[in-house]
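User: I would like to see how the terms used for a structure follow from its values. Please take me through some of them.

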Amino acid sequence: VARSDYTVLVRGESGTGKELTARAIHNLSKRRNRPLIMVNCPAIPEHLLESELFGHKRGAFTGADRDSPGLFVAADGGSLCLDEIGDIPVSVQTKLLRVLQEQEVRPLGDTHTHKINVRIIASTNQDLEKKIIEHSFREDLFYRLNVVTLFTPSLCQIREDIPLIVDFFCRKVCCELGTSERKFSPEAVAVLKDRSWPGNVRELQNVVRQ
């Protein structure tokens, strides 16, 4: 997947490593020497998201005291990861669809469009098909994003990997704390393998730290 320029949709529960997957795709691609820009969509207020993504001209709205190229232009030649794409408001979805179709952006307040060359990697933990039925996610945008889909498995689906992950995190935590290397006992690892992990790998990492 990394070697292609196809748009990728990474799907999986929270804490399963969707952002790590996006970074791996970029780092293994021919774009690896160009920018990878991560956008946490829910963290940007709706009224600012459009200008953050597509840019704006000075005076386009109150507080726009200078030109801003936007994140699409900043990622030109590289990759743009739209984390939790399911939270983007419908008004911005419409403009995002046009950018994906035309590979060009027009900043707010500008009369000219700018050609871009950006690979899109989107991620979500939501049921986009359900959101389409509820009219909160555009069906045409879904099919534009859903060129290649990768699923990051929940921890309960890969229990056989838990000992490897525990060992990795244990060495990492010892490094963080500056302590000598330690290991979990086989009995402790067996307990961790049998536990339910609603927070997935992220929760497991914090348990190792604790």
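**Terms and values**

Analyst: This is a predicted model. In the protein chain, among contacts between residues at least 6 apart in sequence, 72% join residues at least 24 apart. The chain has nine helices and seven strands, and buried residues make up 42% of its 210 residues.

User: Why is Asn200 called buried?

Analyst: Buried means under 20% relative accessible area. Asn200 has a relative accessible area of 0%, so Asn200 is buried.

User: What does Asn200 touch, leaving out residues up to four places away in sequence?

Analyst: Asn200 touches Glu13, Ser14, Gly15, Thr16, Ser154 and Leu155. Asn200 itself lies in helix H9, residues 200-209.

User: What makes the approach of the Asn200 side chain to the backbone nitrogen of Leu155 fall within the distance cut-off for a polar contact?

Analyst: The cut-off is a pair of N or O atoms within 3.5 Å. The side chain of Asn200 reaches the backbone nitrogen of Leu155 at 2.9 Å, so the distance is within 3.5 Å.

User: How do you know that strand S1 pairs with S7?

Analyst: Two strands pair if at least two bridges are found between them. Four bridges join S1 (residues 8-11) to S7, therefore they pair, and they run parallel. Val10 stands opposite Leu150 in S7.

User: Why are S2 and S7 called edge strands?

Analyst: The open sheet has five strands in the order S2-S3-S6-S1-S7, with parallel pairing. Strand S2 (36-40) and strand S7 (148-151) each pair on one side only.

Key. Residues are numbered from 1 along each chain as its sequence is written. This is a predicted model: local features need pLDDT of at least 70, side-chain atom pairs count only at pLDDT 80 or more; totals for chains, interfaces and linings use all residues. Side-chain values use heavy atoms; hydrogens and water are left out. Helices (H or I, at least four residues) and strands (E, at least two) are DSSP runs, numbered from the N terminus. Buried means under 20% relative accessible area, exposed over 50%, partly exposed in between (1.4 Å probe, protein chains only). A polar contact is a pair of N or O atoms within 3.5 Å; within protein, one must be able to donate a hydrogen and the other to accept it, and residues adjacent in sequence count only if both atoms are side-chain atoms. Contact means heavy atoms within 4.5 Å.
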